[in-house]
Amino acid sequence: MNIDFLPDNAFIDPSGQNINEVASLIKKFIDLAVENSASADQRSPLSRMKKYTFGEFSVQGMSSEGIFLQLHEILKNSLNPLTPNYIGHMDSIPTLISCLGEFITTTLNNNMLSLEMSPLFSQMEVQVLRNIARMFGYDEKSGGVMVSGGSLANLQALAVARNHYFSVKEEGLIGLKEQPVILASEASHTSLHKAAMLLGLGTSSVIAVKTNQNSQMDTLDLEKKIHKMREKGKKPFAVVATAGTTVTGNIDPILSIAEITKKYGLWLHVDAAYGGALVFSDKHRKRLSGIEKADSITFNPQKWMYVAKTCAMVLFKNRDLLETDFRISAPYMNHTDFTNLGEICVQGTRHADILKLYLSLQHIGLKGYDQLINEGYLRVDEFVKQVKKRPYLELASEPDTNICCFRWRPKNLDAKQCDQWNLELQQCLLQKEGVFFSLPTYKGKRWLRAVLLNPFTPISTIRKIFKTIDDFFIHYQSYKS
Ligand SMILES: Cc1ncc(COP(=O)(O)O)c(C=O)c1O
């Protein structure tokens with residue numbers, strides 16, 4: 001073998017010839033990552049938004065020292081969701097064990113495509129997902145597959161729903177007399193539109209159902225829209241309920257929606273990408289009541305389960321539907337009575353995300369997850385209390401999860417000026433407190449959004465935030481007079 005041009009630690013030599021070079025590089029990199037994570041609260045949550053240029057590829061290969069220096073810059077300039085002051089998005093601090101699991105997974109480089117290519121991980125995925133399905137209240141017929149994110153989970157769930165409802169797995173949509181439509185609340189995630197587009201239904205097939213003042217699906221409007229669509233000659237086949245909407249984190253009334261889907265013979269999918277974690281909470285599991293009636297569920301442990309990205313799954317009440325309404329057999333793969341996961345998953349070659357999830361569940365434990373979820377509610381309760389104390393602030397909704405959206409509503413300002421002041425408030429909180437809120441547009445207005453995921457965010461920080469908001473308000477009063 002002629003590998004003269006390669007660095008001495010380009011690979012981990014399978015016979016251990018370069019173990020020292022490998023170990024020293026790994027130690028250096030791990031030390032850097034740990035140092036970065038362990039000082040995250042010293043740095044701003046946001047990276048400097050500058051334009052980065054990445055040079056030409058090295059012809060001779062760069063020394064590990066050179067790479068290390070580059071990596072240093074990469075870490076320094078990357079977004080910092082690890083700090084307790086990053087509360088703007090559903091990006092959690094990852095469990096340490098999931099980061100380590102990720103490293104082990106990559107060194108093993110198994111492929112979830114088939115049992116032959118990942119004998120242990122394929123079985124682990126089936127069994128762990130079956131156990132999680134049970135936690136959602138499903139029975140032994142249930143199961144699912146992991147995918148790279150909630151968008152793919154929603155896509156796969158709706159693909160199975162469509163194929164099952166219209167029996168179109170082989171023939172496709174041509175010949176269908178009525179346009180298939182999906183009903184989902186106006187607060188549902190945009191990945192449903194992507195799914196509809198990819199499924200050949202078109203984005204207009206996602207019919208928005210109104211939400212109430214708490215951002216939850218209005219079930220009266222759901223029934224009204226089902227009738228309306230039918231009158232228009234369209235064919236509603238699925239309803240998507242959201243458990244943890246993207247902006248306000250609210251949970252649709254799943255039980256009532258399930259009664260409606262049963263009455264009209266529709267598929268019920270629950271997008272619990274965010275809120276699915278509540279099945280791990282003794283106190284808050286009841287918020288997902290009715291989810292066991294869903295035909296399919298999207299769940300992203302990469303969010304509220306603190307598992308390093310990506311980690312997501314789609315679960316089916318009846319796993320056999322993956323065989324009948326989705327499976328594409330790959331004759332070139334070795335066949336046993338175990339269905340190769342690549343045949344029943346929208347992805348083929350796939351990373352073994354299951355290990356980091358399994359390790360996190362083992363390490364944190366059910367009690368630990370229960371506690372993490374309670375910590376989120378403690379913070380959101382304090383947040384809501386502080387908002388409600390101030391007549392010049394308003395809530396977008398009463399939170400159902402650990403997400404709180406609020407805005408400042410100075411009197412005598414038009415909507416545009418109001419949005420501008422909220423943008424300034426967001427900037428002020430970033431500059432004065434170093435705290436990052438996202439600024440979504442919701443129901444035509446801009447809101448400050450706090451996703452209180454990080455258990456290291458002290459309650460005292462929340463109180464300090466509101467002191468700064470008070471100062472901002474006082475400043476506004478003096479500016480006005
Ligand atoms: C409710 C909901 N569903 C689906 C998704 C899409 O998940 P992903 O970004 O992992 O594809 C998100 C993302 O935030 C979400 O909030």
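In this predicted model, residue E323 is found in helix α9, which covers residues 320–325. A count of 13 other C-beta atoms within 10 Å makes E323 partly exposed, because a residue is called exposed at 12 or fewer and buried at 20 or more. Leaving aside neighbours within four places in sequence, E323 is in contact with T339 and I344. A further distance helps to place this part of the chain: E323 and E343 are 20 residues apart in sequence, and 8.6 Å separate their C-alpha atoms.

The wider setting comes from the domain assignment, which gives domain 1 as residues 108–360 and domain 2 as residues 365–480. Taken over C-alpha atoms, the centres of the two domains are separated by 31 Å. Where the domains meet, 22 residues of domain 1 are in contact with 20 residues of domain 2. The side of domain 1 that touches domain 2 is made up of 9 nonpolar, 10 polar and 3 charged residues.

It helps to recall how sheets are held together. Strands of a sheet pair through backbone hydrogen bonds, and they do so either parallel or antiparallel. One sheet of the model is open and has 7 strands, in the order β1-β7-β6-β5-β4-β2-β3, with mixed pairing. Which strands stand at its edges? They are β1 (143–147) and β3 (206–209); each has a single partner strand, so one side of each is left without a neighbour in the sheet. From one strand to the next, the twist averages 20°.

A closer look at one pair of strands shows how this sheet is put together. Strand β5 (residues 267–271) and strand β6 (residues 296–299) run parallel and are joined by 3 bridges. D271 has T298 in β6 as its bridge partner. Helices also pack on the sheet. Helix α7 (residues 219–231) touches β2 (180–185), β3 and β4 (235–242), and its direction makes about 145° with that of β3. Helix α8 (residues 254–264) packs on the sheet as well, touching β4 and β5; the angle between its direction and that of β5 is about 160°.

Another open sheet has 3 strands, in the order β8-β9-β12, and here the pairing is antiparallel. Its edge strands, β8 (393–395) and β12 (448–451), each pair on one side only. The twist of this sheet averages 30° from one strand to the next. Between β8 and strand β9 (residues 403–408), the antiparallel pairing extends over 3 bridges. One residue to look for is E394, whose bridge partner in β9 is R407. Two helices can be placed against these strands. Helix α10 (residues 354–388) lies across β8, β9 and β12, running at about 20° to β9. Helix α11 (residues 415–433) packs on the sheet and touches β9 and β12, with its direction at about 120° to that of β9.

The surroundings of the ligand come next. How many residues lie around the ligand, and which of them come nearest? There are 15 residues around the ligand, and G149, G150, S151, H189 and T246 come nearest. Helix α5 supplies the largest share of this shell, with 3 residues. By type, the shell divides into 4 nonpolar, 10 polar and 1 charged.

Finally, some details of the backbone deserve a look. Most residues other than glycine have a negative phi, and most peptide bonds are trans. N109 has a positive phi, near 55°, although it is a residue other than glycine. Its place is in the loop between α3 (96–108) and α4 (119–135). Is N109 buried or exposed? With 10 C-beta neighbours inside 10 Å, N109 counts as exposed, because the limit for that class is 12 or fewer.

S167 is a residue other than glycine with a positive phi, near 50°. S167 lies in the loop between α5 (150–166) and β2. Its 11 C-beta neighbours inside 10 Å place S167 among exposed residues. The peptide bond that joins K309 and T310 is cis, with omega about -10°. T310 lies in the loop between β6 and β7 (312–316).

Definitions and conventions:
Residues numbered from 1 in each chain as written. Predicted model: local features only at pLDDT ≥ 70, side-chain atom pairs only at ≥ 80, totals over all residues. Pairing = 2+ DSSP bridges. Helix = DSSP H or I, 4+ residues; strand = E, 2+ residues; numbered from the N terminus. Axes fitted to C-alpha atoms, helices over the stretch in contact; angles between N-to-C directions. Contact = placed C-beta atoms within 7 Å. Near = placed C-beta within 6 Å. Nonpolar A, V, L, I, M, F, W, Y, C, P; charged D, E, K, R; others polar. Domains from an automatic or database assignment.
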